[in-house]
Every structure is written in C-alpha cells, then in structure tokens.
Amino acid sequence: MKATLLVLLLSAVAVMLSCDHQHSEREAGPGCPLGKRLAFDVNTTIEESKRLNNEYFDCPNPEPGAPCFYYSHVFYPFFVIEDTVVGESDRFHDSYTFKVVGGGRTRESVRNYSQEEILKFNSLRDSESYQQTLVWTFDDVPDSFPLTKEGFIVMRGASNRVRWLCQRNSPCGDLTPVNHLDPDFYFVVEVSNMETAGSPFCEYTVRFELHVHGFPLDPVRALFFHQMTMTVVQTILICYIGHTCWRLKRKTVYTKTRDGLDEQEGHEQFNAGDVGVNVGCTLRSCCLHLYHIIFGIVQNPVLDHVILLVVLLDTSTLMAHTFQSVTVTTSWCLSAVNSCLLVFYVLEALLKILIQGRTYFRNPWNDLDFFILLMTLLDFVLSLVQSGGGFSSRQASTLFRVFKTLKGARVFRALRLLKAIRFFKGLQDILLTCLQSFRSMSSILVLMFLFLFIFAVVFREMFNESDPEHFGSIFRTVFTLFQILTLDDWSLIYMTSRDNGAPHIIYFMSLYILVELFTFLNLFIAVLVDNFQLSIRKKRHHKSQKSPDVKEGEAQSTKKAGEDLDVSLAEIEEEFYKEALRHASSDGKHSKRKIELTKRYLQLLAAMDQHAQKYRSQACLLDKLVETFFMVRSFSTYVP
C-alpha cells in the first residue's frame, strides 16, 4: 500500500514538472486537482464535424500535429479533462472563451499575435476596426450570449459551432494560392475558462494548432479580375471601332477626292486641311457610323462563336465543381475563371440592348439569357456585400444565414447551358416543338392524373391491410402507382400482397397498366411524334417553295441593293459637291459664271455616273436572262 502511494506521489510530481515545462501549451490554474489538464479532443472533433457536415475533407498536404479542417465546413470543437495520473479523460462541459491568438500562411511563419491584435480578431467591441477584422463567428447566433469584460464570447460545450469568417482586413482574409491548390492557413487557438464565471475553483488553458484549407476567392479580388477582363475586352472593342472608323473615313476621302474633281483642280482648290474640314463627320454622322459598326459586331458570326466558346468553358468549370476532389483543391482558380467569363455575358447583353432596344426582350431566348445574367450578378453582388466588412459577429452571422438561403440563386448558373441552344438550329426546333406540343398534350395529362387518382382510391380501399407499406395512405398509394407506371419492381408489390392473402391484386394492376401505360402514355408520345413530323413537313415545304425562286430572288435583291447603293452614292456625291462649291464661293477667287458652269458640270458628271451604274446592273440582268434562256432551250431539246 505504501509503495502504491509512493508511486502515485512520484507520478504527480513528474506531471507537475512536465506541466511547468509545457506551460505555454497547457496550463492548470490554482485549485485544480493534480495531474488534470484541458486537452483538445481531435478524434471526436473530426467525427462530429463529419456527422454535422456529412463529409470530411482532409488537407492535400497534411502535417502531423496540426489537424486539418475545410474552410466552408462548420468547426465543432470538443475538449476533455485528462487525468494523466489515472489515464482517464472526461468531457469538458464548462464555459470557456475561444480565441485565435496566432497564425500564418505556413507552419514556419506562424507567429503569436499581440494583445491588440487578439482583441481585433476575436472581440465584439463596438469599434468599427474590430468589426472589420473578425476571423470567426457563430454558426447559429443565439438571441443573447454572455461576454467577458474585453468583449470575448463565452461559449459552452452545447453551443460551440464555429464558422470561419476571415473578413478582408483579418490575417486570413484575401489569401492567394501559392500553387494551383487553394490557399490554406494555420491558426493558433487558445481555449480558456479563466475569464468565465463557471469555474471559480479550477482554471484551465490550452493552446493548439489548426490547419484550415480550401479558402475561397475573395469577392473583392474577384471584382478586380472582373474589372481587368472588362478593361481588356473594352480596349479591344475600342481599337476595332477606331480602326474601322479610320478605314471608312480614308475610303470616303479617297472616293470623294477622286470622283469630284480632277487632280489639277483638286490641288489648286483643296489642300489637306480643307479636305479634312469638308469630309469631317458631324456628331450625328459619327454616331450613325458608330451604330453601324456595333451593329456589324453584334451580327457578326464571330461574336456567336466567341460566346459559344465562353459557354463551353463555363460548362467545364461548372462540371468541375461537381467533383468534390476538384472543388476542395481548385475552387479558388475556378471562381476566378467564372469572374472573368462573366464579363462576356455582360458585354453581350449590353451590346444587344444598345442595338436592338426594347425588341431585345421580345425574343424568348434573349429573355432567358437576361434572367440567367441577373441571377449570376445577384450572387456576385451578395458576395461583395458580405465581404465588405463593418458587421458585428451577430450581423455577420445573420447575413451569412441570409446568403445561405439565397445561395439557391447559384443553381441558375446551370441554365447557362441553355445558351448553347441559340447556336444550333436543330436544337431550337426540337425545343420549340416540345413546347408547342404541351398545348395539345394538356388534355391527355389531365386524363392521366384523373385516372391515377381513381385507381389510388381503389387500391387504398382494397389493399391497405395486405400491404400497408405501399397502400397505407393515399399519398403512399399515389407514389406506388407512379412506380408501377414505370414498371419498376411491380412484381415485388404483387408478391407482397399475394403472400398476405390478396392475390387478386394482379387483375387491378393489369388494368391500371393497360389504361395508364399502354393507352395514355403511348398517346402522349404519339402526339409528340406527330408534332415532330408536322414540323419536318413544314420545313421541307418551305424549302421546296423557296428553291425555285432563289435565282429570281437573288436578282431582285441584287437590283434593289444596286438601286439603294446608287441613291446613297448620289446623295453623298451631291453633298460633297455642294460643300466644295460653297467653299470655292467663300474664297472669292472665282466669278459667278465660272461657279455656275462648274456646278452644272458636276451635276452632269453625277448624272452620268448614276446612269452608268444603272446600265451596268441592267446589262448584268440581261446576261443572266440570256443565259437562262439558252439553258432552258438546250434542256428542252433533250426531253422526248
């Protein structure tokens, strides 16, 4: 007995010496039993986090001594009181304070924070600087919770769910990846009950490291990527518009100078400055030129190809988000790519609205694109509001719950895949045919659900005792009948009722399958197929009517375009000649007679040019008619 007491006494002394040696990590205050200390229960914390979040993601590069947790998951820490003498441990249920007292990007760069930094990162003081640097918050904020004198939250074992916040001004805010993996951060956490009133006789303190990985892209940095991409694309568009304007102006100057006067008179009457003044565009004409250039950009097939490429890239990133291993390791990079791709959707909508105006919203495909764009921008703006800072812990948690509720708006990003339908005519025809078929199929659907309800009442009344699992209530019966409609395990449902003394269910099931499946469902499919055939017939009939008139239509369109071109050229030349004569008369170097003769000469020159254009177009049309006549005649000679 004495030997046992001596061994226990020596063990207690050894524990006290080890506690003094490791005083920076674990401390036991006065009044605590010898050999007892507070410890972080890593295994229970991991198990509870896995249960609470339904999954657990370990670090891509784990390090011993630093348990790893995912940033977006709720952190549910557990602590125990270890008895190093007996070797037992009990759950710690007392109140305590949870503080982040150190941290760093790597384990080698971890440092301890000063007292002022600890207050900024953990305290709920009213100062604005404290509200913008919070590192963590409650997952579910109670209506009221106690605070210490310095503003630290007093937590308990039953309400200790921590969610990492990492606002922008905090040490873990706006992290960038070192490599292709998502950013990570090492936290030094201190848990103590010294400042709480729950344990007046025993005070514990423990410090431990946490390795948190999978930090998302900061919304402000995402906005920076968005603005940089927008700047690059706008610069390319401005350069293209400027180059197009320069080419048009140069072509206009060259045409007017060549056709207006001969070289000698041009050198005498016009210099470079005069030409620039005479052919300089007014504000209205510049806006008109700009409108035509943007219209050409919108109607250019290259824009459709670019948007299709962006849709495919966006689809690839969306598919990558469905893989957990990819999401955990490369979510930061994927979010940056999404921020850049958003620019193309915004510019496409702006350019089309600028050109088409209200008619843009008359196209259902444009309405769908605009709705998807609004949902994406809503998600982007909400993230910016959340990262703006200036929120207390309670406000930040409340906003987080609101954003968590509105997170369903991100689901609409999947609808971007429908933008690809605009670029494939066949897919558009199929989708439009399906939508048009619903009008004629509505009556069939009503009959199907009506008979489904009638059979549900019959099955519920007759077989609820033999098979209560499938026919115990009207809702179970409807679900079972819908399962039978798909012919999924209908034999098992029959054998269950047969074994319980109701073999006659087979007659009712056969009648139900005959009416619902072989009659109404096949009729439903027949209507859909008939509409597809009707759509194909209409398309063929339209092509057959269009093919004989192709040449005639081309000739008429060519003639009309030529006439419009002649009129526009005549108007441009007339304006140029008037400006040239006005400039010549203002100089006072020529007599009125000479000016009138020059004016008459220019009018005759313009009329001759216009008649020459008409002659060329009529000659071209005559050649086509002669060629068609001889082709028909040669073909008729070979027909018996």
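**Entry 1. The chain as a whole**

I take two residues to be in contact when they have heavy atoms within 4.5 Å. With that settled, I looked up the contacts in the chain between residues at least 6 apart in sequence, and 71% of them join residues at least 24 apart. I note at the outset that this is a predicted model.

I then recorded the secondary structure: the chain has 19 helices and 12 strands. Of its 640 residues, 36% count as buried. The chain exposes about 39,000 Å², and carbon and sulfur atoms supply 62% of this area.

**Entry 2. A sheet of three strands**

I turned to an open sheet of 3 strands, which stand in the order β2-β4-β5 with antiparallel pairing. Which strands stand at its edges? They are β2 (36-40) and β5 (88-91). Each of these has a single partner strand, so one side of each is left without a neighbour in the sheet. I also noted the twist: neighbouring strands of this sheet are turned by 30 degrees against each other on average, direction ignored.

I examined one pairing in this sheet further. Strand β4, residues 79-83, is joined to β5 by 4 bridges in the antiparallel sense. Within this pairing, E82 stands opposite S89 of β5.

**Entry 3. Strand β6 and its partners**

Next I looked up strand β6, which covers residues 96-104. How many of its residues are buried? The count is 9 of the 9, so the strand is largely enclosed by the rest of the structure. The cut-off behind this count is a relative accessible area under 20%.

I listed the pairings of β6 one by one.

- With β11, strand β6 shares 7 bridges, and the two run antiparallel. G104 stands opposite Y186 of β11.
- With β9 (residues 154-155), strand β6 shares 2 bridges, again antiparallel. T97 faces V154 of β9 as its opposite residue.
- With β7 (residues 111-112), strand β6 pairs in the antiparallel sense over 2 bridges. G103 has R111 of β7 as its bridge partner.

I also recorded how the chain passes from β6 to β7: a hairpin of 6 residues joins them.

**Entry 4. S49 in helix α2**

I selected a single residue, S49, which lies in helix α2 (residues 42-53). Is S49 buried or exposed? Its relative accessible area is 3%, and S49 therefore counts as buried, the limit being under 20%. I then looked up its contacts, leaving aside neighbours within four places in sequence. The residues in contact with S49 are N54, E55, F69, V74 and Y76.

**Entry 5. Helices α9 and α10**

I compared the directions of helix α9 (residues 301-321) and helix α10 (residues 324-356). Their axes come within 9 Å and cross at roughly 155 degrees. Angles over 145 degrees count as roughly antiparallel, and α9 and α10 are therefore roughly antiparallel to each other. The crossing of α9 and α10 is left-handed.

I noted some of the residues at which these helices meet. On the α9 side they include V306, I307, V310, V311 and L313. On the α10 side they include V326, L334, V337, L341 and F344.

**Entry 6. Helices α13 and α15**

I repeated the inspection for helix α13 (residues 425-463) and α15, whose axes come within 9 Å and cross at roughly 120 degrees. That angle makes α13 oblique to α15. The crossing of α13 and α15 is right-handed. The contact is made by M448, L452, F455, A456, V457, F459 and R460 of α13, together with I474, T477, V478, L481, F482 and L485 of α15.

**Entry 7. Two aspartates with positive phi**

Last, I checked backbone angles. Most residues other than glycine have a negative phi. I found D174 with phi near 55 degrees, a positive value in a residue other than glycine. D174 is placed in the loop between β10 (162-164) and β11 (184-192).

I found D489 with a positive phi of about 55 degrees, although D489 is not a glycine. Where is D489 found? D489 sits in the loop between α15 (474-485) and α16 (490-499). I recorded its exposure as well: at 39% relative accessibility, D489 counts as partly exposed.

Conventions
Residues numbered from 1 in each chain as written. Predicted model: local features only at pLDDT ≥ 70, side-chain atom pairs only at ≥ 80, totals over all residues. Heavy atoms only, no water. Buried < 20%, exposed > 50% of the residue type's maximum accessible area, 1.4 Å probe, protein only. Pairing = 2+ DSSP bridges. Areas by Shrake-Rupley, 256 points an atom, 1.4 Å probe, with all protein chains shown as cover. Axes fitted to C-alpha atoms, helices over the stretch in contact; angles between N-to-C directions. Parallel < 35°, antiparallel > 145°, perpendicular 65-115°, else oblique. Left-handed = near helix turned anticlockwise from the far one by under 90°.
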